[in-house]
Amino acid sequence: MSWLFDRLQGRQRPPTGSIAAIYAVIVTQARQAVFYRDLRVPDSVEGRFDLLLLHLWLVLRRLRALSQKELSQALFDRFCEDMDDNLREMGIGDVALKKRMRKVGEAFYGRAHAYDQAMDHPAVEQGDDALAAVVCRNVFNGSEIGQAQRLAAYVRAAGRELNNFSEAAFRDASVRFPMPED
């Protein structure tokens, strides 16, 4: 029924296949071994979650710049479904699931706000430490500033790369992330 309402309002929902494909690009990038091997992101549930959030935020940031609210919301909904599925697979029951999903949402929005502030800092392109500090706190639990600086450089490069993609590229799921430099 909501599909009909969207159509009557002149909005088109993004095709489910494109959302799944975009989300797969995000997940695949967040799982690249180079992050864990070379950049020393903790290879743990938390480390993988933080990289997933970071990559999701990068894509949602670009979609926001393209004024793609429906696509952004559909992608965020897909992320929430994935988190729900993963928590259930880990044996989290219905009662605890609601609490855990609230924590997932808080983690995403808190990190997204901090990343946005750091990326919007006037000196971020000159290698300002604001982004590295946020990455260090969120991904490396406040240690490994050298690795955080390398990951922050990747985040800036990935942001620039995503800025090259149009709305059509996102809808076709033909977007790609750069690989971090060694």
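**Stop 1: Asp-85 and its surroundings**

Begin by selecting Asp-85, which counts as partly exposed because its relative accessibility is 39%. The residue is found in helix H5, which covers residues 69-89. The model on display is a predicted one. With Asp-85 still selected, add Asp-77, Glu-81 and Glu-89: together these four residues form a patch of negative charge on the surface.

**Stop 2: Asp-82, also in H5**

Next, select Asp-82, whose place is likewise in helix H5. Is Asp-82 buried or exposed? Asp-82 has a relative accessibility of 16%, and because the limit for a buried residue is under 20%, Asp-82 counts as buried. Now add Tyr-23 and draw a C-alpha to C-alpha distance: Asp-82 and Tyr-23 are 9.6 Å apart in space, although 59 residues separate them in sequence.

**Stop 3: the whole chain**

Clear the selection and display the protein chain as a cartoon. Nine helices and zero strands are present, so the order of elements from the N terminus on reads α-α-α-α-α-α-α-α-α. The protein chain has 182 residues, of which 45% count as buried.

**Stop 4: the largest nonpolar core**

In soluble globular proteins, nonpolar side chains tend to be buried together. To view the largest nonpolar core here, select Leu-75, Phe-79 and Leu-151; of its 61 residues, these three touch the most other members. Two or more core residues come from each of helix H2 (16-30), helix H3 (33-37), helix H4 (45-65), H5, helix H6 (94-119), helix H7 (129-139), helix H8 (145-162) and helix H9 (167-171). Which of these helices gives the most to the core? Colour H4 to see the answer: H4 contributes eleven residues.

**Stop 5: salt bridges**

Side chains of opposite charge can pair when their charged atoms come close. A search of the whole structure finds nine salt bridges, and the following selections show some of them.

Select Arg-37 and Asp-38. These residues form a salt bridge, with the closest N and O atoms 3.0 Å apart. Asp-38 counts as partly exposed because its relative accessibility is 23%, whereas Arg-37, with a relative accessible area of 54%, is exposed.

Move next to Arg-111 and Asp-50, where a salt bridge brings the closest N and O atoms to 2.8 Å apart. Arg-111 lies in helix H6 and Asp-50 in helix H4, so this pair ties together parts that are 61 residues apart in sequence. Both Arg-111 and Asp-50 are buried.

Then select Asp-116 and Arg-64, whose side chains meet in a salt bridge at 3.1 Å, N to O. Why does this pair tie together separate parts of the sequence? Asp-116 lies in helix H6 and Arg-64 in helix H4, so the parts joined are 52 residues apart in sequence. Asp-116 is buried, with a relative accessible area of 13%, while Arg-64 is partly exposed, with a relative accessible area of 48%.

To finish, keep Arg-64 and Asp-116 selected and add Arg-61 and Asp-120. Salt bridges that share partners join these four residues, Arg-61, Arg-64, Asp-116 and Asp-120, into one network.

How values were computed: Residues are numbered from 1 along each chain as its sequence is written. This is a predicted model: local features need pLDDT of at least 70, side-chain atom pairs count only at pLDDT 80 or more; totals for chains, interfaces and linings use all residues. Side-chain values use heavy atoms; hydrogens and water are left out. Patches are made of residues with over 30% relative accessible area and no salt bridge: like charges are joined within 9 Å, nonpolar side chains (Val, Leu, Ile, Met, Phe, Trp, Tyr) within 5 Å. Accessible areas come from the Shrake-Rupley method with a 1.4 Å probe; for residues, only the protein chains shown count as cover. Lys and Arg count as positive and Asp and Glu as negative; His and the chain ends are not counted. The place of a charge is taken as NZ of Lys, CZ of Arg, CG of Asp or CD of Glu. Helices (H or I, at least four residues) and strands (E, at least two) are DSSP runs, numbered from the N terminus. Buried means under 20% relative accessible area, exposed over 50%, partly exposed in between (1.4 Å probe, protein chains only). A nonpolar core is a set of buried Ala, Val, Leu, Ile, Met, Phe, Trp, Tyr and Cys residues joined through side-chain atoms within 4.5 Å.
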